[in-house]
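Please open the model in your viewer and keep the sequence panel beside it, since each stop on this tour begins with a selection. The route moves from one local feature to the next and then steps back to the whole chain.

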Amino acid sequence: MKKNLFILMAGALALCACDPSGKEPGNGPTPPPAEPAVNLEWAYEVGYKFAGQSVAVDQLGNVYVQPLEQGKLIKLDKSGVVAWDKAISTGTSLKGSGIPSCEPDGSVVYALTGYQEAGAGLAALNGADGSHKWFALHTEQFWGNGGTPNIKVNRTPIAILDNALVAGNGGTTGAVLAFNKATGERISYVCKNDDGTGGVAGGCSAGPAITKDGYILWAASYVGVAFADLAEALDPRQDNDNCGKYVQYSGFIKPQDGKNPSSVNCCPVSTVINGEEVVINAIRNNAKTDLVIYAVKSSQFAGKKNHTGDQWLWEYTVTGNNQDQGGLVIGKHNEAIVTLKNTSEASMGGILAVDEAGQLLYEYRIAEHVSGAPAVDNNGDIHFATEAGNYYIVRPNLTTKSCDVLASASLTALLVEKGIITDEALAGSVWSDVMIGYDGALHVGLNINNGTEFATSYVVKLSNPTTTAPCASAWPMKYADASHTCVQK
């Protein structure tokens, strides 16, 4: 297979009432007779495994890819042609893994890179030609105050603010940091102790997310949702020579029973419910059996730590399901939508949504794992892809609390149909988040497997005639938008 293979497509795949692998949808009604198609626009072979990652897309439709462990960034134009291929670091061999973020206008793209033993780097590349605007190398003081840096670039994006960048470290005692947008120098280290010596217990397993009312949110694995005051982080009250400036974070939002969850992989989101800012997240409960979706008024954050149940707005338990990489987004009806991974052959994966009161609004179940995050388009339709390599577009039916299938396709079959893949025995798998571009173009990472062995991967661009833009909700896709700005609308 050629490394830089791309192809323009306008073809459609004939679809049926079953999912693309022949399974009957769990609760999906028979689709309407004339389904809008999933069309393949182009596929670019990357060759590394997509695992909990997604591409960034700017307003012009350019796509930015950060290949796992290759220490570089690739820019593809909207036709799938390579515009540039550049190393993230300068003067080092740092590789690491991460998720790129870009200015929506495409002027600058940002990336983290690094290993524990070699330090970590934060880069800003000019979008036009990939040249470095700056590269900031940080070693033992990157994440914490002295000692072993415990650097772990944990496939988290970089939140983009007007004059600053915010990024997270996935170490066991990780941290969230703010950086000067013009230089990459650290502004503040978000710590637990007043003297700047403590990191954030649980690290940063997902996030950060920036709310409208001025908080930094992130998932701290096995602890809960952590939060800190954004204004304080960007204008720190103290300075420490060894650590740099720092800000004390406020605490964790734990499950309602007060117990630490078994894992938190979901990026918290925020929206407005009944005139108040609300933070919503999904966790796997302490017993490792169920997924818990919960909402908390952010007005409860000020001056409080380690909340248990007194500030809960609502909590909803999805029995027998969990999330792998997963994600939570906000839909057209201000509902919270999660992807679900089935925990046994007898259980069902798919998507599920709860309304502003924390009650089931709708669900769509299939006998497939859904590990990437969904995305919501201008119609309120839900886009997601599965570990079986299938892509779905479903429309919520609030009357039946289910979803109508608008379109579905095997991504591998689309590539075979166009001659990009010639071996029909190869199978596709998606662990990537769906990104809906500003023009409605659809982007996802597709792994190709030969039996149980990874073979190669593609960035795939799709289109659908009814999808023309992302949903105008507060958080329509993971990281808020296709540019990964991580800032609530």
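Begin by selecting β32 and β33 in this predicted model: the two strands form a hairpin with 4 residues between them, and within the turn G389 has a positive phi of about 80°. The pairing of β32 with β33 is antiparallel and runs over 4 bridges, and one place to look is A385, whose bridge partner in β33 is Y391.

Extend the selection to β34 (residues 402–410), which runs antiparallel to β33 and is joined to β33 by 8 bridges. Here, too, the strands form a hairpin with 4 residues between them, and in this turn K401 is the residue with a positive phi, of about 60°. Across the pair, N390 stands opposite S410 in β34. Colouring by accessibility shows β33 as mostly covered, with 6 of its 8 residues buried.

**Salt bridges**

Stay with β33 and show the side chain of R395, which forms a salt bridge with D381, the closest N and O atoms being 2.7 Å apart. This pair links distant parts of the chain, 14 residues apart, with R395 in strand β33 (residues 390–397) and D381 in the loop between β31 (375–376) and β32 (382–385). Are the two partners buried or exposed? R395 counts as partly exposed at 33% relative accessibility, whereas D381 is buried, with a relative accessible area of 0%.

The structure holds 7 salt bridges, and the next one to select is that between the side chains of K181 and E103, where N and O are 2.9 Å apart. K181 belongs to the loop between β13 (176–180) and β14 (186–191), and E103 to the loop between β6 (101–102) and β7 (108–115), so the contact ties together parts that are 78 residues apart in sequence. Both K181 and E103 are buried.

Now move to E276 and K297, whose side chains meet in a salt bridge at 3.1 Å, N to O. E276 lies in strand β23 (residues 276–284) and K297 in strand β24 (residues 290–297), so that the pair links distant parts of the chain, 21 residues apart. Each partner is partly exposed, E276 with a relative accessible area of 29% and K297 with one of 26%.

**An open sheet**

Next, select the open sheet of 4 strands, which has the order β16-β17-β18-β21 and antiparallel pairing. Which strands stand at the edges? They are β16 (206–210) and β21 (251–253), and because each has a single partner strand, one side of each is left without a neighbour in the sheet. Neighbouring strands of this sheet are turned by 25° against each other on average, direction ignored.

Within this sheet, β18 (residues 224–229) pairs with β21 in the antiparallel sense over 3 bridges, and V225 stands opposite I253 in β21. At the other edge, centre the view on P208, which has its place in strand β16; the peptide bond from G207 to P208 is cis, with omega near 10°.

**Nonpolar cores**

Display the nonpolar side chains next. The largest nonpolar core has 67 residues, and those with the most contacts inside it are V65, W218, Y391 and L462; Y391 has already appeared on this tour as the bridge partner of A385. Apart from it lies another core, of 38 residues, among them V225, F227, I293 and A480.

**Two backbone details**

Select N274, in the loop between β22 (269–273) and β23, where phi is near 55°, a positive value in a residue other than glycine. At 72% relative accessibility, N274 counts as exposed. Then go to C486, in the segment after β38 (453–463), which has a positive phi of about 65° although it is not a glycine. In contrast to N274, which is exposed, C486 counts as buried at 0% relative accessibility.

**The whole chain**

Finally, clear the selections and view the entire protein, which has 2 helices and 38 strands. Buried residues make up 62% of its 489 residues, and the accessible surface comes to about 16,800 Å², of which 47% belongs to carbon and sulfur atoms. Of the contacts with a separation of 6 or more, 59% are accounted for by residues 24 or more positions apart.

Methods. Residues are numbered from 1 along each chain as its sequence is written. This is a predicted model: local features need pLDDT of at least 70, side-chain atom pairs count only at pLDDT 80 or more; totals for chains, interfaces and linings use all residues. Side-chain values use heavy atoms; hydrogens and water are left out. Two strands pair if DSSP finds at least two bridges between them. Axes are lines fitted to C-alpha atoms, for helices over the stretch in contact, and angles run from 0 to 180 degrees between N-to-C directions. A nonpolar core is a set of buried Ala, Val, Leu, Ile, Met, Phe, Trp, Tyr and Cys residues joined through side-chain atoms within 4.5 Å. Buried means under 20% relative accessible area, exposed over 50%, partly exposed in between (1.4 Å probe, protein chains only). A salt bridge is a side-chain nitrogen of Lys or Arg within 4 Å of a carboxyl oxygen of Asp or Glu. Contact means heavy atoms within 4.5 Å. Accessible areas come from the Shrake-Rupley method with a 1.4 Å probe; for residues, only the protein chains shown count as cover.
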